[in-house]
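Visitor: I'd like to go through this one by asking why things get the labels they get. Can you show me the model first?
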Amino acid sequence: MFGTIRNIEGEKIDYTFHPGDKSRKVIVVLGHGVTGNKDRPFIVALAEALSHDGIPSLRLSFSGNGDSEGCFEDSTISKEVEDLRCVFDALDGWNILYVGHSMGGAVGVLLAGKDTRLVGLVSLAGMVHTDAFARREFSDVTPGVGFMWDEPACPLSQAFIADTAAIGTVITCAPSIRIPWLLVHGTEDDVVPLQDSLDIFARANEPKQLVQIEGADHVFSEHTPDMIRIVHEWVREQVGRA
C-alpha cells in the first residue's frame with residue numbers, strides 16, 4: 001500500500017501492512033527487538049488482532065534484520081530511530097501509534113518526544129538502560145568476533161556496543177514525551193528486567209499506564225493472549241479519541 005520504503009542510506013525496509021477500517025485516522029506501527037524481525041509470532045498476532053478490529057497496522061523489520069536490506073552488524077538503536085522516521089515519512093497523512101518491543105521500545109522512546117506524528121506509544125518489555133543491557137548480556141563476548149546469544153546470524157558488532165554506551169539510558173527522554181503511553185512488562189523477563197519499565201514510568205508524564213503480566217517472559221511466550229488483550233484495549237481507546 002505504501003510502496004517501497006527505504007531508510008536514509010537507501011536500504012529497503014521490509015514491512016507487512018494489515019488493513020483496517022478506511023475511515024480510521026490512526027495506524028499502528030510495530031517494531032521488534034534486538035535479533036528479531038517483523039515476523040515474531042506475538043507481533044504478527046497483535047497486528048492481526050488489531051486489523052480484525054478494523055485498526056490498520058504495519059509491522060516492519062529494521063534494516064539488517066529479517067528481509068530488510070542492510071547488514072546486521074550495522075544495526076544500532078540510533079540507526080533504527082532513523083529507519084522508523086523514514087517509515088513514518090511513508091505514512092503521510094496518518095496519525096501514528098507506535099508499539100515497540102525490547103530494543104524497539106528504546107527506539108520509540110527516543111523518537112516519541114520529537115515526532116509530532118505520534119499520537120500514542122506502547123513499550124513492550126521496553127529496553128531503557130541500554131548500556132547496562134549490553135554489559136549484562138554481552139560482557140563476555142568480543143565484538144567483531146563473537147555472537148549475540150551464540151547465534152551465528154547475529155554477530156556482536158563494535159557499532160552496537162558503542163551506540164548502547166553512547167545512549168546509556170533513554171530514561172532522560174521520558175519528560176519530553178507528552179502523548180499517551182502504555183508500558184507492558186512481564187514479571188519473569190530475564191532479558192530486560194521489569195525494573196527498566198518501573199524506572200522510566202516514574203519519570204513519565206500523564207497519561208501513562210504500566211501493566212505487569214505475572215509470570216510472563218521477555219517475548220510473552222505463554223502470555224501472548226494477555227499481552228494482546230491489554231494492548232488491543234488500550235489502542236482501541238486511543239483510536240476512539242483520535
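Visitor: Why is Ser102 called buried?
Guide: This is a predicted model, and in it Ser102 has a relative accessible area of 1%. Buried means under 20%, so Ser102 gets the label.

Visitor: Where is Ser102, and what is its phi?
Guide: Ser102 sits in the loop between strand S4 (95–101) and H3. Its phi is positive, about 55°, although Ser102 is not a glycine.

Visitor: Which residue other than glycine has a positive phi near 55°?
Guide: Phe220 has one. Phe220 is in the loop between S7 and helix H7 (224–241).

Visitor: What makes Phe220 buried?
Guide: The relative accessible area of Phe220 is 0%. The cut-off is under 20%, so Phe220 counts as buried.

Visitor: What about the backbone from Glu206 to Pro207?
Guide: That peptide bond is cis, with omega near 0°. Pro207 lies in the loop between helix H6 (194–203) and strand S7 (208–213).

Visitor: Back to H3, then. Why is H3 described as mostly covered?
Guide: Look at the count: 10 of its 10 residues are buried. Among them are Met103, Val107, Leu110 and Ala112.

Visitor: How do you know that Leu110 is buried?
Guide: Leu110, in helix H3 (residues 103–112), has a relative accessibility of 17%. The label needs a value under 20%, so Leu110 counts as buried.

Visitor: What does Leu110 touch?
Guide: Leaving aside residues up to four places away in sequence, Leu110 touches Ile77, Val81, Ile167, Val170 and Cys173. As for Phe138, its C-alpha atom is separated from that of Leu110 by 23 Å, with the two residues 28 apart along the chain.

Visitor: On to the rings. How many aromatic pairs does a search of the whole structure find?
Guide: It finds eight.

Visitor: What makes the pair of Phe133 and Trp149 edge-to-face?
Guide: Their centres are 6.2 Å apart, with 70° between the planes. Rings pair if their centres lie within 6.5 Å, and planes over 60 degrees apart count as edge-to-face, so this pair earns the name.

Visitor: Where do those two sit?
Guide: Phe133 is in helix H4 (residues 130–138), while Trp149 is in the loop between H4 and H5. The pair links distant parts of the chain, 16 residues apart.

Visitor: Phe133 and Trp149: buried or partly exposed?
Guide: Phe133 has 1% relative accessibility and counts as buried. Trp149 has 34%, and partly exposed runs between the 20% and 50% limits, so Trp149 counts as partly exposed.

Visitor: What about Phe138 and Phe160: why is that pair edge-to-face?
Guide: Here the centres are 6.2 Å apart and the planes make 75°. The angle has to be over 60 degrees, so Phe138 and Phe160 are edge-to-face. Phe138 belongs to helix H4 and Phe160 to helix H5, 22 residues apart. Phe138 is buried at 3% relative accessibility, and Phe160 is buried at 1%.

Visitor: Which residues form one aromatic cluster?
Guide: Phe2, Tyr15, Phe17 and Trp94 do.

Visitor: Why is Gly168 called partly exposed?
Guide: Gly168 has a relative accessible area of 22%. Buried would need under 20% and exposed over 50%, so Gly168 is partly exposed. Gly168 is in the loop between helix H5 (158–167) and strand S6 (181–186). Not counting residues up to four places away in sequence, Gly168 touches Val128, His129, Thr130 and Asp131.

Visitor: Now the whole chain. How many helices and strands does it have?
Guide: The protein chain has seven helices and seven strands. From the N terminus, the order is β-β-α-β-α-β-α-β-α-α-β-α-β-α.

Visitor: What makes the protein chain as compact as a globular protein of that length?
Guide: Its radius of gyration is 17 Å, close to the 18 Å that the globule rule gives for 242 residues, so the description fits. The C-alpha trace spans about 50 × 40 × 35 Å along its principal axes, and 56% of the 242 residues count as buried.

Definitions and conventions: Residues are numbered from 1 along each chain as its sequence is written. This is a predicted model: local features need pLDDT of at least 70, side-chain atom pairs count only at pLDDT 80 or more; totals for chains, interfaces and linings use all residues. Side-chain values use heavy atoms; hydrogens and water are left out. Helices (H or I, at least four residues) and strands (E, at least two) are DSSP runs, numbered from the N terminus. The radius of gyration is taken over C-alpha atoms; the globule rule is 2.2 Å times the number of residues to the power 0.38. Buried means under 20% relative accessible area, exposed over 50%, partly exposed in between (1.4 Å probe, protein chains only). Contact means heavy atoms within 4.5 Å. Rings of Phe, Tyr and Trp (its six-membered ring) pair if their centres lie within 6.5 Å; planes under 30 degrees apart count as stacked, over 60 as edge-to-face and the rest as tilted.
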